[in-house]
Number of protein chains: 2
Amino acid sequence: MKELQDKIINEGIVLNEEVLKVDSFLNHQVDPMLMMSIGQEFARRFENQAIDKVLTLESSGIAPALMTALYLKAPLLFARKQKSLTLTDNLYVETVYSFTKQQTSDVTVSRKFLSPGEKVLIIDDFLAHGEAAFGMARIVEAAGAEVVGMGIVIEKSFQDGYRKLQEAGYRVESLARIASLSIERIEFAEQNIPVSSR
Amino acid sequence: MKELQDKIINEGIVLNEEVLKVDSFLNHQVDPMLMMSIGQEFARRFENQAIDKVLTLESSGIAPALMTALYLKAPLLFARKQKSLTLTDNLYVETVYSFTKQQTSDVTVSRKFLSPGEKVLIIDDFLAHGEAAFGMARIVEAAGAEVVGMGIVIEKSFQDGYRKLQEAGYRVESLARIASLSIERIEFAEQNIPVSSR
């Protein structure tokens, strides 16, 4: 997605060869017009999937996922991230490890908002090792619902998340795929090769 | 706002006389069409204020604030909530107490995204005692920027936040004002009386 790539080139800050900061338009400050384009593009890519619900993870996933849900005319559900839980009644809970933050957190969704047979599109801001995406997928599947695909705003293609998700049979659509990061240059990869959905 | 009041009546769950759960359309599952109406309504109420930026607090403020920012053609900035911080370089930090969660957290905004003289609209999902709203206002003012108003999705008018904010001179626009909560009935208050902005 050209508009997104341009934004990454113009405003992204490379902290090191693994970390790209995009807090001027996605993670802290948010560009609403860009979110609209992103939502429209995800909706276009998944429009024939009869999606019942869009699922994301707080907080940075909410903006792109809300716009996607708007275009797909489906409710948005955002999973909550908590340190660790004592009270887990009526919740789906999955433990997710963040390589960036080097910490584990519980990702939770209320049982009443996912039903067996529902078709769910997972949206996230970043894909690195796939921890968050797998965690959300496990929640969807624990509910007896189906992951029809994953929409990623920025994929760090030099990490193994995309490959692992693809091997697990998920259809992953990333709007920007970063092949390599250095202070001098952000290199984009080609569009990912479509795989059939599960 | 009729559409919002209807949604509260039909889907809100009164946990006790102080707590209303609206996690089917605002706090966990989110209704994107309703968020669009909410954003449009806030934008209408503040359209003559030449707003430079919309500020909210993660996570539940993001959806209504994003739509407001979209209609106002302004960037959205979401403050982050953290347990307690050791590294506060380049951050505005304010401590906010949550009566609901009975805990204190640090609310932070990166210094680079607020500039002196900017006109800022603060959006939040709930107004109870005003702690979060005052915290965000202190951040805006610490940056030398101006709070031109506050847009609240649901005001619990039986708590003192609205009165305190009004006394402090802030213009507060709430889309639904709850006069009282009981298991049997949710009573709405009249629209708030407009006060001149600071």
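## Exercises on a two-chain predicted model

Strand 10 of chain B and strand 11 (residues 186-188) of chain B pair in the antiparallel sense, with three bridges; two strands pair if DSSP finds at least two bridges between them. Helices (H or I, at least four residues) and strands (E, at least two) are DSSP runs, numbered from the N terminus.

Before you start: this is a predicted model, in which local features need pLDDT of at least 70, side-chain atom pairs count only at pLDDT 80 or more, and totals for chains, interfaces and linings use all residues. Residues are numbered from 1 along each chain as its sequence is written, chains are lettered from A and ligands numbered from 1 in the order in which they are written, and side-chain values use heavy atoms, with hydrogens and water left out.

### Exercise 1

Find the surroundings of strand 10 of chain B.

Step 1. Start with strand 11 of chain B: Ile178(B) faces Phe188(B) there, standing opposite it. The two strands form a hairpin, and four residues lie between them.

Step 2. Now turn to strand 9 (residues 146-156) of chain B, which pairs with strand 10 of chain B in the parallel sense over six bridges. Here Ile154(B) stands opposite Ala176(B) of strand 10.

Step 3. Check burial, where buried means under 20% relative accessible area, exposed over 50%, and partly exposed in between (1.4 Å probe, protein chains only). Strand 10 of chain B spans residues 172-181, and eight of its ten residues are buried, so the rest of the structure largely encloses it.

### Exercise 2

Work out how chain A is laid on chain B.

Step 1. Superpose the copies by least squares on the C-alpha atoms of residues with pLDDT of at least 70 in both. A turn of 180 degrees and a shift of 0.0 Å along the axis lay chain A on chain B with an RMSD of 0.0 Å.

Step 2. The two copies are therefore related as by a two-fold rotation axis. In chain A, the C-alpha of Ser59(A) is nearest the axis, 2.7 Å from it.

Step 3. Compare the contact residues, contact meaning heavy atoms within 4.5 Å. The same surface serves both copies, as 100% of the contact residues of chain A recur in chain B.

### Exercise 3

Place Ala128(A) and Gly130(A), which UniProt lists for "binding site" in an unreviewed entry.

Step 1. Ala128(A) is in the loop between strand 8 (119-127) and helix 4 (131-142) of chain A, and Gly130(A) lies in the loop between strand 8 and helix 4 of chain A. UniProt positions are given in the numbering used here, feature names are shortened, and annotations may be inferred rather than shown by experiment.

Step 2. Ala128(A) counts as buried at 19% relative accessibility; Gly130(A) is buried at 3%.
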